[in-house]
Amino acid sequence: MAAFSKSDILKSNTLTGWLLAAPLALVLALFLILPICLIVVVSFWQATEFSIIPAFSFENYEFLFGSSVTYTVFLNTFKYAAITWAITLVLGFTIAYYLAFHIRSQTWQTVFFLLCTVPFWTSNIIRMISWIPFLGRNGIANSALLSWGVIDEPLEWLLFSDFAVILAFVHLYTLFMVVPIFNTMMRIDRSLLEAATDAGATGFQTLTNVIIPLCKPGIMIGSIFVLTLVMGDFITVRLMSGSQSANVGRLISNDIALLQYPSASATAVILLITVLLMISALLRLVDIRKEL
């Protein structure tokens with residue numbers, strides 16, 4: 001038999017690797033890269049009330065950056081994203097910490113973790129609509145507060161407000177923060193916690209100096225999930241604000257409803273760039289490759 005050199009073997013392995021990756025690369029190119037490229041191209045087209053003109057123009061971007069509405073909507077989107085991120089981080093970390101360190105039995109950990117996923121067995125819209133009879137003027141919350149004598153008249157801000165929007169976001173996306181943090185906590189070597197206790201560290205010191213630093217990759221992954229989902233969501237804002245508030249996703253949805261596809265594409269490109277900048281900033285803080 002002919003002897004194969006080391007370089008021949010390396011070339012063969014490289015070719016095999018490319019052949020194995022080719023189908024997935026093709027799917028990625030067709031269903032992710034190509035649509036994004038088309039959106040970028042259409043964003044430079046012109047549009048009238050009756051037609052779309054495939055002519056290169058910056059007018060969509062000039063209109064976006066020249067309108068005060070754009071900045072107001074983006075600030076509103078950042079507000080929703082920041083508040084939702086902060087609340088889901090606290091809730092997600094607390095739930096994951098309880099599951100990882102206070103539930104000793106792996107069976108019960110699985111049971112409680114599955115309970116956290118129960119809301120995902122129904123659609124997002126149904127879960128959002130379920131808040132309306134609870135938060136409404138004559139809903140369960142106001143009725144209970146009135147019967148307890150806590151308030152004298154129904155609270156108007158419970159529904160169709162920023163409070164309702166953020167509450168729905170937290171309800172929808174907290175699990176996306178729980179899962180990666182819980183995953184990183186389960187990987188923590190328990191001997192490190194015992195060593196911290198033996199060294200005289202208090203529970204708070206162990207939390208801040210051992211657990212939180214080791215959970216940073218999970219926190220970053222959960223943050224990326226929550227921020228990207230909130231930034232792109234529009235139906236939650238529309239339903240829970242009673243069409244009184246708007247975010248970037250809602251702006252894109254309105255343009256599409258009016259058949260203003262070039263304008264919607266330009267807004268989508270700006271949103272995509274913004275989200276990518278946020279993700280790149282998060283990735284520079286923590287190396288999450290060890291979690292993938």
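What share of the contacts in the protein with a separation of 6 or more comes from residues 24 or more positions apart? Such residues account for 70% of these contacts, a contact being heavy atoms within 4.5 Å.

This is a predicted model, in which local features need pLDDT of at least 70, side-chain atom pairs count only at pLDDT 80 or more, and totals for chains, interfaces and linings use all residues. Residues are numbered from 1 along each chain as its sequence is written, and side-chain values use heavy atoms, with hydrogens and water left out.

The protein has 14 helices and 2 strands; these are DSSP runs numbered from the N terminus, helices being H or I with at least four residues and strands E with at least two. Its radius of gyration is 25 Å, well over the 19 Å that the globule rule gives for 292 residues, so the protein is more spread out than a compact globule. That radius is taken over C-alpha atoms, and the rule is 2.2 Å times the number of residues to the power 0.38. The C-alpha trace spans about 85 × 65 × 35 Å along its principal axes.

Of the 292 residues, 35% are buried (buried means under 20% relative accessible area, exposed over 50%, partly exposed in between; 1.4 Å probe, protein chains only).

Two loop residues other than glycine have positive phi.

| Residue | Phi | Loop | Relative accessible area |
|---|---|---|---|
| Phe 160 | near 55° | between helix H7 (140-147) and helix H8 (162-186) | 38%, partly exposed |
| Leu 259 | about 65° | between helix H13 (248-257) and helix H14 (261-285) | 52%, exposed |
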